[in-house]
Amino acid sequence: MREVKFFSGENIPLEMHKVRMVQRVYLRPIEERAEAISEAGYNTFLLRNKDIFLDMLTDSGVNAMSENQYASMLQADDSYAGSETYYRLEGVLQDMFNMEHFLPAHQGRACEHIISRLLVKPDSTAIMNYHFTTTKAHICQLGGKVEEIIIDEGLEINSSLPFKGNLDIEKLKNSIARIGKKNICFVRIEAGTNLVGGQPVSMQNMREVSKICRAEGITLVYDASLLSDNLYFIKIREKEFADTDIREITREIGSLMDIIYFSARKLGAARGGGILTSDQEMFLQMREMIPLYEGFLTYGGMSVREMEAMAIGLQESFDMDIISQTPIFVKVLCEELISKGVPVVTPPGGLGCHVDAGQFCSHIPQEKYPAGALSAAFYLASGVRGMERGTLSEQRNPDGSETPAHMELLRLAFPKRVFTLSQVKYVADRLTWLYENRQLIGGLEFTEEPRVLRFFFGRLKPIGDWPEKLYKKFRQDFGDSL
Ligand code: F0G
């Protein structure tokens with residue numbers, strides 16, 4: 001996607017691709033949406049796709065693939081051991097990050113499982129800019145702890161800072177001094193910090209963190225799942241790199257890290273995952289775990305067709321016209337919402353538009369899940385499925401008390417090259433309507449609450465009859481329109 005100057009003087013985002021295969025979607029009337037969200041226990045994860053108009057739950061595994069990715073799938077070498085597909089993918093990744101060893105795993109959290117088993121000891125601490133749900137769950141399952149050292153601005157909803165995902169260098173030094181390097185299992189940098197609004201990390205920051213970790217002998221792990229958005233921001237927001245080829249930027253990142261892992265459901269626009277390292281000893285220890293938990297070393301639990309598509313998708317991540325679509329759409333939607341007074345995380349990041357449910361639903365206390373309620377209410381109002389990223393996505397403390405999230409967000413993710421500008425406008429319109437009627441939205445309470453990662457399968461019910469009130473207001477304002 002590219003922003004092009006129109007005769008009117010406006011900069012309009014233009015898609016740099018054409019659509020050659022489509023999926024029919026349905027916008028169900030609000031009566032059916034009310035039934036669907038109630039059946040889903042007011043949890044958007046439990047909705048069925050047939051009831052969804054625009055699926056903005058995630059960009060994971062749902063990015064549009066290119067013709068070259070599909071074509072590559074035909075040459076997949078389907079053998080249990082020694083598949084040529086594996087060697088092709090290994091070659092692409094070694095070249096991309098300039099690292100020696102590649103280990104395949106079936107998705108990002110499988111990489112986290114293996115890396116955690118390698119490095120986490122009971123009571124050890126993993127220091128990171130910010131946790132991701134599955135990352136933290138794997139570390140904690142093994143008795144480890146997580147310490148977050150994102151810069152203070154990273155947790156402020158609104159800021160003009162270009163790299164809100166950066167690690168605070170002073171906090172890093174203090175944490176190392178306080179915890180002691182022997183008790184630190186690793187430092188982790190997450191590209192495009194997921195849970196705080198898809199905010200990028202600068203190269204300058206990565207260089208500084210790497211220097212400290214190398215001086216202290218602490219393993220530095222890089223979660224590259226959201227790398228393509230982060231590369232786009234390094235290129236356009238970090239002056240030094242304005243003229244640097246994205247390949248070179250990526251190789252420099254590789255040179256700073258000890259272990260890199262990624263979800264190929266995001267990076268590479270396919271489905272799968274992988275781990276890279278140049279450290280022979282760590283490689284050998286992790287390699288032992290691949291056949292045990294994933295599959296033989298040359299497929300690691302993935303379909304070889306997906307591996308071929310990933311190899312092409314990874315190379316396409318070096319094309320600014322391809323990786324720019326999500327950040328540009330996020331910007332367009334954020335700017336439209338800001339112009340209507342709807343509170344969103346700024347500056348606009350990657351991954352999706354993050355609506356500030358804390359402010360949107362300031363009348364709902366955190367223990368009644370304002371972001372969860374907003375996600376359910378927005379589906380009701382629009383047929384669009386977003387994802388709660390707030391207290392509901394946290395885990396309770398051992399004594400049963402809630403862990404209030406730093407931010408209460410409704411994430412509207414942009415799978416790459418899936419939606420059009422008119423669909424983005426529809427999202428902005430319905431969200432603006434909901435904002436005007438925000439007082440009608442009420443809280444939620446659990447009826448079924450799983451112990452681990454409760455946001456996936458948890459079922460809830462509205463406190464009071466707010467969905468009904470919202471539905472009536474919708475009918476009043478939109479007549480019999482969908
Ligand atoms: N790390 C980050 C930064 C992620 O965003 C994800 C997944 C993972 C690790 C785990 O990868 O899903 O392949 O096991 N994020 C998805 C999302 C689920 O919707 O944001 P996975």
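1. Arg251 and Asp95 form a salt bridge in this predicted model. Their closest N and O atoms are 3.2 Å apart. The pair joins distant parts of the chain: Arg251 belongs to helix α9 (residues 246-256) and Asp95 to helix α3 (residues 84-97). The two residues are 156 residues apart. Arg251 has a relative accessible area of 32%, so this residue is partly exposed.

2. A second long-range pair is Arg475 with Glu31. Here the closest N and O atoms of the salt bridge lie 2.9 Å apart. Arg475 sits in helix α18 (residues 466-478), Glu31 in helix α1 (residues 30-39). The separation along the chain is 444 residues. Both ends are partly exposed: Arg475 has a relative accessible area of 21%, and Glu31 has 34%. Arg475 stays out of the buried class because that class requires a value under 20%.

3. Glu170 and Lys173 are a local case, both within helix α6 (residues 169-179). They are three residues apart, about one turn of the helix. Their salt bridge has its closest N and O atoms 3.8 Å apart, and the cut-off is 4 Å. Glu170 is partly exposed at 47% relative accessibility. Lys173 is also partly exposed, at 42%. Glu170 is not classed as exposed, because that takes a value over 50%.

4. Salt bridges also link residues into a network. Its members are Arg396, Glu402, Glu449 and Arg454.

5. For the whole model, the count is 34 salt bridges. The pairs above are among them: Arg251 with Asp95, Arg475 with Glu31, and Glu170 with Lys173.

Definitions and conventions:
Residues numbered from 1 in each chain as written. Predicted model: local features only at pLDDT ≥ 70, side-chain atom pairs only at ≥ 80, totals over all residues. Heavy atoms only, no water. Salt bridge = Lys/Arg side-chain N within 4 Å of Asp/Glu carboxyl O. Helix = DSSP H or I, 4+ residues; strand = E, 2+ residues; numbered from the N terminus. Buried < 20%, exposed > 50% of the residue type's maximum accessible area, 1.4 Å probe, protein only.
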